[in-house]
Amino acid sequence: MLPEALRISRVVRETADTFTLTLNAAERGGFFFLPGQFNMLYLHGAGEVPVSISGDPARPMYLVHTIRAVGSVTRPMQALEKGDEIGVRGPFGTSWPVERARGRDVLVVAGGIGLAPLRPVVYHVLKHRKRFDHLVILYGARTPADLLYEKELARWRGRLDVELDVTVDRAEADYRGRSGVVTKLLSRVSFDPENAIAFLCGPEVMMRFAARELEQRGMRDSDIWVSAERNMKCGLGTCGHCQLGPVFVCKDGPVFRHSRIAPLLTRREL
């Protein structure tokens with residue numbers, strides 16, 4: 001599959017090192033994807049990287065990616081502007097099992113840029129709000145300056161049918177929000193552990209402790225899902241870069257049932 005050039009219609013600088021590109025997919029009839037899937041983004045002269053889709057699956061005319069500038073490909077992407085083109089291959093990978101969440105409490109737990117691949121889940125649940133019970137969104141970042149989508153967080157917090165809490169690892173004395181790791185928020189929220197499903201994305205240590213906390217609250221491990229976006233490179237499982245024992249993260253994931261991927265994430269030799 002060759003990259004398809006799509007034109008950038010909007011650029012949002014989210015934080016000092018993170019930005020969101022909205023690509024115009026109207027001319028191709030839309031870009032359809034499932035929450036949790038990713039695309040390979042290609043920048044001429046720099047290379048190609050996997051990036052989760054962070055837009056609304058119900059608005060396929062707009063393809064949205066939130067990107068952290070941390071490598072030789074994503075750093076030059078930071079200089080892209082409205083009207084520039086970028087290559088896209090995809091969508092790839094497994095998706096969050098949102099249909100399994102029907103009639104159940106939904107817990108969305110994100111750390112750092114892990115909120116980006118979970119944002120389509122939130123959009124989906126809010127669009128079909130009557131299909132789901134309690135919606136809990138817990139989000140943690142390193143500092144207040146690292147929080148993504150602040151205006152959107154404020155809108156979600158203002159809804160009566162959403163329980164949202166945000167925390168940061170480090171904050172100045174004048175910061176009025178919560179501080180501490182996101183997993184600590186789990187003890188504050190209410191949900192039915194026997195009828196809940198949890199979607200986790202962020203640093204692996206965060207997901208590990210969050211899953212442990214959820215199990216201590218009574219949730220079944222089979223109802224906990226994670227996105228393990230480790231070392232993905234080709235998107236097809238052919239280069240072997242993301243191989244984790246018998247699993248290729250880009251092809252078999254990135255969304256996994258926690259009980260399947262957890263034993264592999266804790267083995268040092270993998």
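Colleague: What makes the space of about 1100 Å³ a pocket?

Modeller: In this predicted model, about 1100 Å³ of space lies in the largest pocket. The name pocket applies because the set of points is open, with protein on both sides within 12 Å along at least five of seven lines. Among its 41 lining residues, Arg 68, Ile 113, Gly 114, Gly 202 and Glu 229 are the closest to its centre.

Colleague: Which strand gives the most to that lining?

Modeller: Strand 4 does, with five residues. By class, the lining of the largest pocket has 19 nonpolar, 13 polar and nine charged residues.

Colleague: And why is Gly 114 counted as polar there?

Modeller: Gly belongs to the polar class by definition, so Gly 114 is counted with the polar residues.

Colleague: Let's turn to strand 7. Why is strand 7 called mostly covered?

Modeller: Buried means under 20% relative accessible area, and seven of its seven residues are buried, so the description fits. Both faces are covered: Asp 105, Leu 107, Val 109 and Gly 111 lie on one side, and Val 106, Val 108 and Ala 110 on the other.

Colleague: How do you know that strand 7 pairs with strand 8?

Modeller: Pairing needs at least two bridges, and strands 7 and 8 have six, so they pair, in the parallel sense. One partnership joins Val 108 to Ile 137 in strand 8. Six bridges also join strand 7 to strand 11, again parallel, and there the partner of Leu 107 is Ala 198.

Colleague: What do strand 7, helix 2 and strand 8 make together?

Modeller: They make a right-handed β-α-β unit.

Terms used
Residues are numbered from 1 along each chain as its sequence is written. This is a predicted model: local features need pLDDT of at least 70, side-chain atom pairs count only at pLDDT 80 or more; totals for chains, interfaces and linings use all residues. Side-chain values use heavy atoms; hydrogens and water are left out. Buried means under 20% relative accessible area, exposed over 50%, partly exposed in between (1.4 Å probe, protein chains only). Helices (H or I, at least four residues) and strands (E, at least two) are DSSP runs, numbered from the N terminus. A crossover is right-handed if, with the strands pointing away from the viewer, the path from the first strand over the helix to the second runs clockwise. On a 1 Å grid over the protein atoms alone, a cavity is a set of points where a 1.4 Å probe fits but cannot get out, and a pocket is an open set with protein on both sides within 12 Å along at least five of seven lines; lining residues have an atom within 4 Å of a point. Grid points are joined across faces, edges and corners, and a volume is the space filled by probe spheres set on the points.
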